[in-house]
Amino acid sequence: MEENHVIGLKQGKQSISLEPGGQFELSGAPLETLHQTCAEVNSHLYQVKAVGEEMGIGFLGLGFQPKWALSDIPIMPKGRYEIMRNYMPKVGSLGLDMMFRTCTVQVNLDFSSEKDMIRKFRASLALQPIATAIFANSPFKEGKPNGFLSLRSHIWTDTDNNRSGMLPFVFDDSFGFEQYVDYALDVPMYFVYRNKKYIDCTGMPFRDFMEGKLPQAPGELPTLNDWENHLTTIFPEVRLKRYIEMRGADGGPWRRLCALPAFWVGLLYDEESLQSILDMTFDWTKEEREMLRRKVPLTGLKTPFRDGYVRDLAEDVLKLAKSGLERRGYKEVGFLREVDEVVRTGVTPSERLLNLYETKWQRSVDPVFEHLLY
C-alpha cells in the first residue's frame with residue numbers, strides 16, 4: 001500500500017508492481033529451468049486474464065502504446081513517479097514517453113563470482129542490440145507507424161544519459177564490482193524515502209548522501225535500503241544488482257515471453273557458448289557497440305555491421321543459444337522456436353506488424369489490440 005492505494009502484490013517469491021502508466025510488471029521467483037519460468041509466466045497471465053476479463057480490461061504484448069497520447073494515460077499513484085515525472089524533462093526529451101508509454105520484458109540471471117559476473121556482463125552488454133533487433137516490437141505511435149522498429153529502445157537514447165546506455169567501462173580491464181559501485185555513486189538520485197514519504201533529491205549524487213550532505217535531508221546517512229532503492233533508478237541496457245538484468249527487448253506476445261529467457265540462458269549459462277560470445281565480441285570497439293545501440297532500433301536485423309548485417313550475427317548467436325540449451329540437458333530448446341523464423345527470414349516482429357497494418361488492417365492500428373491481446 002502507498003497511502004490508500006494498492007500499488008503492488010506479493011505471492012510467495014513473486015511480486016507484481018505497477019509501472020508509471022499502468023504497465024503491469026511480474027517479478028518472478030528465482031527458478032532453475034525455463035520450463036518453471038514459462039509455467040510461472042503462464043499462470044500469471046491466466047490470473048491477469050481472468051481478473052481483467054471481469055473488469056473489461058485487456059493486456060497487450062507490445063513495446064510501445066500504439067494509440068494513446070501521453071495525456072490519455074492515467075498516472076499510477078506512486079510518490080516516486082511524481083518526482084521522476086517532474087525531473088525527466090530536465091534531462092532528456094523522451095523520459096515521459098519511457099515512463100508512460102513503453103513496455104519491456106527483462107531477464108534476470110545470477111552469477112557465481114565476480115569473475116563470472118564480469119564475463120556475463122560483457123557478453124550480454126555487447127549482444128543487447130542483437131536481442132533488441134530479434135524482439136523489436138514497437139512500430140506504432142498515436143495510431144500510425146513511428147519510423148522505428150523498436151521505438152522503445154530508441155527512447156532510452158534520450159531519456160537520461162546519466163543513468164542509461166552501453167556502459168563502456170564494463171569492457172575496461174579494471175572492471176569489477178567496485179567500478180560499478182563507483183559508477184552508481186555518481187548517478188544522480190531521484191529520492192529518499194523517509195517517514196512514508198518520498199523526498200525529492202533529484203540531481204544529487206548518492207556520494208553526497210554517503211557523506212551526510214543532502215540539502216533535503218541534512219545529516220541523514222543512507223541505509224542499505226536507500227542504496228537498493230537507488231540501484232533500481234539506474235537504467236543501462238544491462239543492469240547489475242545481486243543478479244544481472246537484460247533490458248534490451250520490447251514487450252511481446254505470450255510465446256515470446258518464454259523465448260527471451262531461453263535466448264539468454266542458452267548464451268550465458270553454458271561455458272562453451274559464453275566463451276564463444278566473448279571471443280566473437282572481444283574486438284568490437286566502443287564506437288561499434290554504440291553504433292549498434294543507436295541504429296538497431298531503426299533498421300533491426302538489416303543494420304550493417306562490419307562485412308555483413310546484424311542478421312548474420314543473430315544467426316550465429318541463436319545457434320550458440322540453442323547448443324547452450326542442449327548442453328544444459330533440460331530439453332529447453334523448443335522455447336526458441338518463436339524466434340527461429342525471425343532470424344531465418346530477417347523479418348522482425350515489428351516489420352510483420354507494419355505489413356499487416358498496410359494490408360489486412362487497412363492502415364488502422366486498432367486490430368493490434370486483438371492481434372497481440374494476452
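**Note on a predicted model: a buried valine, two cavities and selected salt bridges**

1. Val187 has a relative accessibility of 1% and therefore counts as buried, the limit for that class being under 20%. The structure under discussion is a predicted model, and the remarks below should be read accordingly.

2. Val187 sits in a loop, the one that joins helix H6 (177–186) to strand S8 (191–194). Leaving aside residues up to four places away in sequence, Val187 touches Asn162, Arg163, Met204, Pro205, Phe206, His230 and Ile234. Asp172 is 15 residues from Val187 along the chain, and the C-alpha atoms of these two residues are separated by 19 Å.

3. The search for enclosed space gives 2 cavities of 30 Å³ or more. For the largest cavity the volume is about 70 Å³. Its lining consists of Met189, Tyr190, Phe191, Val192, Tyr193, Phe206, Phe209, Asp226, Asn229, His230 and Thr233. Strand S8, helix H7 (206–210) and helix H8 (224–231) are the elements that give two or more residues to this lining. By class, the lining of the largest cavity has 7 nonpolar, 3 polar and 1 charged residues.

4. Points 2 and 3 share some residues. Phe206 and His230 are among the contacts of Val187, and Phe206 and His230 also appear in the lining of the largest cavity.

5. The second largest cavity has a volume of about 40 Å³. The residues that line the second largest cavity are Val105, Phe135, Ala249, Asp250, Gly251, Gly252, Arg256, Leu257 and Leu260. Two elements, strand S12 (244–250) and helix H9 (254–268), give two or more residues to that lining. H9 supplies the largest share, 3 residues. Sorted by class, the lining of the second largest cavity holds 5 nonpolar, 2 polar and 2 charged residues.

6. Across the whole structure, 32 salt bridges are found. One of them pairs the side chains of Arg239 and Glu245, with an N to O distance of 2.8 Å. Both partners, Arg239 and Glu245, are buried.

7. A salt bridge also joins Glu290 to Arg294, and the closest N and O atoms are 2.8 Å apart. Why are Glu290 and Arg294 separated by about one helical turn? The two residues are 4 residues apart in helix H11 (residues 286–299), so about one helical turn lies between Glu290 and Arg294. Glu290 has a relative accessible area of 30% and is therefore partly exposed. Arg294 is likewise partly exposed, because its relative accessible area is 44%.

8. Glu358 and Arg363 form a further salt bridge through their side chains, at 3.5 Å from N to O. Are these partners buried or exposed? Glu358 has a relative accessibility of 44%, so it counts as partly exposed. Arg363 has a relative accessible area of 53% and is therefore exposed, the limit for that class being over 50%.

9. Salt bridges also link residues in a network, whose members are Asp97, Arg101 and Glu142.

Key:
Residues numbered from 1 in each chain as written. Predicted model: local features only at pLDDT ≥ 70, side-chain atom pairs only at ≥ 80, totals over all residues. Heavy atoms only, no water. Buried < 20%, exposed > 50% of the residue type's maximum accessible area, 1.4 Å probe, protein only. Contact = heavy atoms within 4.5 Å. 1 Å grid on protein atoms, 1.4 Å probe; cavity = no way out; pocket = protein on both sides within 12 Å on 5 of 7 lines; lining within 4 Å. Points joined across faces, edges and corners; volume = space filled by probe spheres on them. Nonpolar A, V, L, I, M, F, W, Y, C, P; charged D, E, K, R; others polar. Salt bridge = Lys/Arg side-chain N within 4 Å of Asp/Glu carboxyl O.
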